[in-house]
Amino acid sequence: MIKEVKITAETIEEAEQQAKKQLQSENVQIEVLQQPEKKKLFFGGKPAIIRAFVEVTPLDCAKAYLSEILNKLGITEFEMTAEETEGGAVINIEGEDIGFIIGHRGETLDALQYLTGLVANHVDNEYYRISVNIGNYREKREKTLEILGRKLAFKACKTGQKTSLEPMNPYERRIIHTAVQKVKGATSWSEGENLQRHVVVGPDPDFKPSYRGGYKGRRSSNFNKDGSYNRRPRTTGYQRRQYSEGELHPQDSMFSSFENDKASEKVRESINERPDTSLYGKIEIKKP
């Protein structure tokens, strides 16, 4: 896209500086339409007239638009960096006291990103994906959603119940779906229309759990079919003396292994349900 302006000034140098300011670019090309002439005896004289133009990319328009919005919001000291990706770009803004631009659960940031994308897509009338990030908020939000999706997936496996989340945009719903897919026995789907579209996490009806390796799979006469443990028969005085000298009864060893398996299972559940990483922002659970 070519963006151009026509500038009139006393000199060509002044006209060029004004063109760079209006076009917000230092790489402008100029065409002199009229050379300036000084007045003679207070008569005559002509100003300089130039046509300045620059080739504008979608990213240039997006950055210019964001800068204008930030300035109108009273933010003058900030650093804007951009990284081009396939079919788009990621713009990151750093600065002090700019957290309010994120808004409630990122709603203001999403709106700003949407408007910036519209501006960028009008340059070449082609789709150009713009992502706006402030203070690495997107990365923190993504981590929060991953932890939440994994936690609810384990909860669905344990309780057999489903949980509905708050409405989210397609990008955030996709993060939840991806996290749930990594947990066997859980599944997720989307419900609702338009702004009420949300994710539901529940048990996978097609998943068949395996009981291999647990107490139900032990082949021992000390365990019943329902998993209960048979009490050890009473021992003689000679056998009790052997145990007191440090010899471990075979049934004691088996029972200890069974208890250890149960304890390990509780530890694994505790680790899965209570991740070490703290959540970034509260995410509401939709009440049924």
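L41, F42 and F43 together make a nonpolar patch of about 490 Å² on the surface of this predicted model. F42 sits in the loop between β2 (29-34) and β3 (48-55). Its relative accessible area is 78%, and because anything over 50% counts as exposed, F42 falls in the exposed class.

**The chain as a whole**

Zooming out, the chain carries seven helices and 10 strands. It has 288 residues, and buried ones account for 31% of them. The accessible surface adds up to about 20100 Å², with 49% of that belonging to carbon and sulfur atoms. As for how the chain connects to itself, take the contacts between residues at least 6 apart in sequence: 59% of these join residues at least 24 apart.

**How far to trust it**

Mean pLDDT for the chain is 78, and 72% of the residues get to 70 or more. Where is confidence lowest, and where is it highest? The low end is helix α7 (residues 250-273), with a mean of 43, while the high end is strand β9 (residues 198-203), at 95. Over residues 240-280 the pLDDT is below 50, and the model gives that stretch 35 contacts beyond near neighbours in sequence. Residues 212-223 also stay under 50, with 21 contacts beyond four places in sequence. Where pLDDT is low, the predicted coordinates should not be read in detail.

**Salt bridges**

Side chains of opposite charge can pair when their charged atoms come close. In this model the salt-bridge count is nine. Three of the pairs are set out here, each with its closest N to O distance.

| Acidic residue | Basic residue | Closest N to O distance |
|---|---|---|
| E4 | R51 | 2.7 Å |
| E166 | R105 | 3.0 Å |
| E172 | R141 | 2.9 Å |

Start with E4 and R51, which form a salt bridge at 2.7 Å. This pair ties together distant parts of the chain, with E4 in strand β1 (residues 2-9) and R51 in strand β3, 47 residues apart. E4 is partly exposed at 44% relative accessible area, and R51 is partly exposed too, at 25%.

Next, E166 and R105 form a salt bridge at 3.0 Å. These two also link distant parts of the chain: E166 lies in strand β7 (residues 163-167), R105 lies in the loop between β5 (88-94) and α3 (107-124), and 61 residues separate them. Is E166 buried or exposed? Its relative accessible area is 7%, so E166 counts as buried. R105, at 30%, is partly exposed.

The E172 and R141 side chains meet at 2.9 Å, N to O. Here the link is between two helices, with E172 in α5 and R141 in α4 (residues 137-159), 31 residues apart. Both of these residues, E172 and R141, are buried. What joins these last two pairs? R105, R141, E166 and E172 are linked in a network of salt bridges.

**Helix residues and their contacts**

A few helix residues show which parts of the chain meet. E16 belongs to helix α1 (residues 12-23) and is partly exposed, with a relative accessible area of 24%. Not counting residues up to four places away in sequence, E16 touches I30 and I50. E16 and I50 are 34 residues apart in sequence, yet their C-alpha atoms are 7.7 Å apart in space.

Y65 is in helix α2 (residues 58-72). Leaving out neighbours within four places, Y65 is in contact with L115, T116 and V119. Its C-alpha lies 6.8 Å from that of T116, which is 51 residues away along the chain.

Over in helix α5 (residues 170-181) there is H177. Its relative accessible area of 19% makes H177 buried, because the cut-off for that class is under 20%. With neighbours within four places set aside, H177 is in contact with S188, W189, S190 and V199.

**Cysteines**

How many disulfides turn up in the whole structure? The search finds zero. As for individual cysteines, C61 counts as buried at 18% relative accessibility, whereas C157 is partly exposed at 35%.

Terms used:
Residues numbered from 1 in each chain as written. Predicted model: local features only at pLDDT ≥ 70, side-chain atom pairs only at ≥ 80, totals over all residues. Heavy atoms only, no water. Patch = residues over 30% accessible without salt bridge, like charges linked within 9 Å, V, L, I, M, F, W, Y side chains within 5 Å. Areas by Shrake-Rupley, 256 points an atom, 1.4 Å probe, with all protein chains shown as cover. Salt bridge = Lys/Arg side-chain N within 4 Å of Asp/Glu carboxyl O. Helix = DSSP H or I, 4+ residues; strand = E, 2+ residues; numbered from the N terminus. Buried < 20%, exposed > 50% of the residue type's maximum accessible area, 1.4 Å probe, protein only. Contact = heavy atoms within 4.5 Å. pLDDT = per-residue confidence, 0-100. Disulfide = S-S within 2.5 Å.
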